[in-house]
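Let's walk through this one together, starting with a single chain and ending at the DNA. Keep the viewer open as you read.

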Number of protein chains: 2
Amino acid sequence: MPENQVFLHFAKYIALSNALKEELSQRIVSKTLKKGELVHSAHNVCTSSYFIRKGLLRIYFLKEGQEISEFFCAENEWVNSPKSFMQRQLDIYWIDAIEETEAFSLHISDLGYLLEHFPEMERYARLSMGTIFAHLLERISSLRFTSAKERYEHFCSVYQTIHARIPLGMVASYLGIAQETLSRIRALK
Amino acid sequence: MPENQVFLHFAKYIALSNALKEELSQRIVSKTLKKGELVHSAHNVCTSSYFIRKGLLRIYFLKEGQEISEFFCAENEWVNSPKSFMQRQLDIYWIDAIEETEAFSLHISDLGYLLEHFPEMERYARLSMGTIFAHLLERISSLRFTSAKERYEHFCSVYQTIHARIPLGMVASYLGIAQETLSRIRALK
DNA sequence: ATGATTTTTTGATATAGGTCAAAAATTATT
DNA sequence: AATAATTTTTGACCTATATCAAAAAATCAT
């Protein structure tokens, strides 16, 4: 059963009742994305969250005509555009597929229903945010105190399984360094 | 009733039942802190969260003997050391008072109790994390793409009411720039 | 208040990483 | 496979910010 993959993810944080499994199964929708395909566009409210079964998505925005990558999300993670999704605001971010990707989507109204009816779902949301929280704090530390080279190494260690699947230019903008600089850093090894 | 100040804060996110108000009142403890006093020390697990009624706290760590400020928290906010508090880990952070401060403390076991028995408390926790989340994302953007000067200006706008109450050296380490640089930036205006 | 300590400012110099431009390598399209 | 488009690398030069050192100003303790 393909939903099992999502269930396993939830099980890292909470005990999933059969009732919740049922409701979840009925609400998630399978999607396949081609490389380069958008799942969300700027100037809209982000209304779905995507659980990646296989593949790699990127959230980015445009700055002076350039794409600036904000995060990358791979297997067994949920992606959405956080601020737009949580606060139902129009967005500046785009989400596209770096690779061909298989995902489940969950609409925000369905998430709302689940949060409303299953207290453990609130708990899941709080706890899983804690994980992301810790990542953001590390990223801030990394940006404040480390050289471009160290930041790249940190990036490779955090995105262990996927860093090699992401084009150099996207990594550079994610790290906030010039693409030329990243190219030089890579050349050192 | 002094607890009203905390209730007002909760009311920004959820409707507070009388039962929850009761339980909260019984669990929060009033504390007064002198300037410079520590409320939490590294090498311990952070077991309390503090709601600031008046004053200013700072969370910092030591790097090569230097104090590096991680955040500042003022009136009507909760402070703790996030990673240690959420994951019950030994900590690297210290929390001290920049000014004489009045706070309520809430022990993690009491928070656990409230989360356990009041689903709206889970909701509050999730939603209030959303607010902090948005701040962290902005801070990351600010670190990646803006000059020291712009970062300082952004800092002043975010910490509108409190930036002037924080010593320059602490602000510099928060922004990840040298204290001399910040002094020069300030001199420009 | 007075000296001691801490914090901030100013000056001189060094460097990591940015920018612009062009070549090389890789990937996509017909 | 050949050509076009995109991405990455290399080179030359420049700028923002770091570092080190010392003076000035502010704050603290007796």
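How many helices and strands does chain A have? Chain A has eight helices and eight strands, where helices (H or I, at least four residues) and strands (E, at least two) are DSSP runs numbered from the N terminus. Its radius of gyration is 17 Å, close to the 16 Å from the globule rule for 189 residues, so chain A is as compact as a globular protein of that length. That radius is taken over C-alpha atoms, and the rule is 2.2 Å times the number of residues to the power 0.38. Along the principal axes, the C-alpha atoms of chain A fill a box of roughly 55 × 30 × 30 Å.

A quick word on conventions. This is a predicted model, with local features needing pLDDT of at least 70 and side-chain atom pairs counted only at pLDDT 80 or more, while totals for chains, interfaces and linings use all residues. Residues are numbered from 1 along each chain as its sequence is written, chains are lettered from A and ligands numbered from 1 in the order in which they are written, and side-chain values use heavy atoms, with hydrogens and water left out.

Now for the protein–protein interface. Here 35 residues of chain A are in contact (heavy atoms within 4.5 Å) with 35 residues of chain B. The two chains bury about 3,100 Å² between them, 68% of it on carbon and sulfur atoms; buried area is the accessible area (1.4 Å probe) that two parts lose on being put together, summed over both. R126(A), F133(A) and R144(A) supply 23% of what chain A buries against chain B, more than any other three residues.

There's plenty of charge to look at too. The rule finds nine salt bridges across the interface of chain A and chain B, each a side-chain nitrogen of Lys or Arg within 4 Å of a carboxyl oxygen of Asp or Glu. One of them joins R123(B) to E122(A), with the closest N and O atoms 2.8 Å apart. On the side of chain A that touches chain B, α5(A) gives the most, with 19 residues. That side divides into 19 nonpolar, six polar and ten charged residues. In this sorting, Ala, Val, Leu, Ile, Met, Phe, Trp, Tyr, Cys and Pro are nonpolar, Asp, Glu, Lys and Arg are charged, and the others, Gly among them, are polar.

Next, the DNA. Around strand D there are 17 residues (a heavy atom within 4 Å of the strand), and L168(A), Q179(A), R184(A), A148(B) and T181(B) come nearest. A polar side-chain atom of R184(A) lies 2.4 Å from a base nitrogen of DNA strand D, while a backbone N or O atom of A148(B) lies 2.7 Å from a phosphate oxygen of that strand. α8(A) gives the most to the surface near DNA strand D, with five residues.

Which residues are closest to DNA strand C? They are A148(A), T181(A), L168(B), Q179(B) and R184(B), out of 17 that surround the strand. Sugar and phosphate make up 44% of the atoms of DNA strand C within 4 Å of the protein. A polar side-chain atom of T181(A) lies 2.5 Å from a phosphate oxygen of DNA strand C, and a backbone N or O atom of G169(B) lies 2.9 Å from a phosphate oxygen of this strand. The largest share of the surface near DNA strand C, five residues, comes from α8(B).

Key. A polar contact is a pair of N or O atoms within 3.5 Å; within protein, one must be able to donate a hydrogen and the other to accept it, and residues adjacent in sequence count only if both atoms are side-chain atoms.
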